[in-house]
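Student: I should like to go through the terms used for this model and ask what justifies each of them.

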Amino acid sequence: MTNISQIYHCSAETALYYVRLKTHGGQNLFEPQKNLPAEYSGTSAFVSSHAKIVADELLLSAADHEGILLDQWAIVPDALHALICLQDYHNNRVTVGKPRLLTSFIAEFKAVTAKRINLVRNQPGSPVWQRSYKEQRMEDDLMLSRLRKRISGTDGIVISG
């Protein structure tokens, strides 16, 4: 079995995190559109516009942040689940709390997506995301395998890097 450090071709300089962002108040902002014609059911052609914004901005944000790699992620009706790799981890590490690189990445991502979603909803300034986020560092291959299965087993939009 491949270990976590082999996946990212480095060792102590990489950290893999499972991150979960919940919508404000558990709103189902990313629920797929309903009442689709039969020929379109089960396709991604009718993904909610809010989910599309989240997917687009996640990819753009990761590409714009040096040291951030997306492994696998899923958008479910009320949340985003992602496995995120932090490269050059020790240079960006704080001794207490969440890693600065991850915190700044999430903060910028949440701000951009909230602004775009609120433009679509015509509700400027409305909360989209809960204030904080949950993160868990992957310490072993078993944990990573379980979380990958959990992400790929969702009914949401699942993307593997």
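Tutor: Let us begin with a term: a nonpolar core is a set of buried Ala, Val, Leu, Ile, Met, Phe, Trp, Tyr and Cys residues joined through side-chain atoms within 4.5 Å. The model is a predicted one. Its largest nonpolar core has 30 residues, of which Leu-80, Ile-84 and Trp-129 touch the most other members. At least two residues of this core come from each of β1, α2 (49-64), β2, β3 and α3. The contribution of α3 is the greatest, at seven residues.

Student: What makes the core of 10 residues a second core?

Tutor: A core is a set joined through side-chain atoms within 4.5 Å, and this one is separate. Its members include Leu-16, Tyr-18, Met-138 and Met-143.

Student: Which residues is Ile-84 in contact with, leaving aside neighbours within four places in sequence?

Tutor: The cut-off for contact is heavy atoms within 4.5 Å. On that criterion the partners of Ile-84 are Ala-15, Leu-16, Tyr-17, Val-19, Ile-68, Leu-69, Leu-70, Leu-102, Phe-105 and Ile-106.

Student: What makes β1 and β3 a pair of strands?

Tutor: Pairing requires at least two bridges. Strand β1 (residues 14-22) and β3 are joined antiparallel by nine bridges, so they count as paired. Within this pairing, Tyr-18 is opposite Leu-83 in β3.

Student: How do you know that β2 and β3 also pair?

Tutor: The same threshold of at least two bridges applies. Strand β2 (residues 68-76) and β3 run antiparallel with eight bridges, and therefore they qualify. Trp-73 is placed opposite Ala-82 in β3, and the two strands form a hairpin with two residues between them.

Student: Why is β3 described as mostly covered?

Tutor: Buried means under 20% relative accessible area. In strand β3 (residues 79-87), eight of nine residues are buried.

Student: Why is Asn-118 called buried?

Tutor: Its relative accessibility is 5%, and the limit is under 20%; Asn-118 therefore counts as buried. Asn-118 belongs to helix α3 (residues 100-121). Not counting residues up to four places away in sequence, Asn-118 touches Gln-123, Pro-124, Gly-125, Ser-126 and Val-128.

Student: Why, then, is Asn-122 called exposed?

Tutor: Exposed means over 50%. Asn-122 has a relative accessible area of 66%, so it is exposed. This residue lies in the loop between α3 and β4 (134-137).

Student: What is notable about the phi of Asn-122?

Tutor: Most residues other than glycine have a negative phi. Asn-122 is a residue other than glycine, yet its phi is positive, near 60 degrees.

Terms used
Residues are numbered from 1 along each chain as its sequence is written. This is a predicted model: local features need pLDDT of at least 70, side-chain atom pairs count only at pLDDT 80 or more; totals for chains, interfaces and linings use all residues. Side-chain values use heavy atoms; hydrogens and water are left out. Buried means under 20% relative accessible area, exposed over 50%, partly exposed in between (1.4 Å probe, protein chains only). Helices (H or I, at least four residues) and strands (E, at least two) are DSSP runs, numbered from the N terminus.
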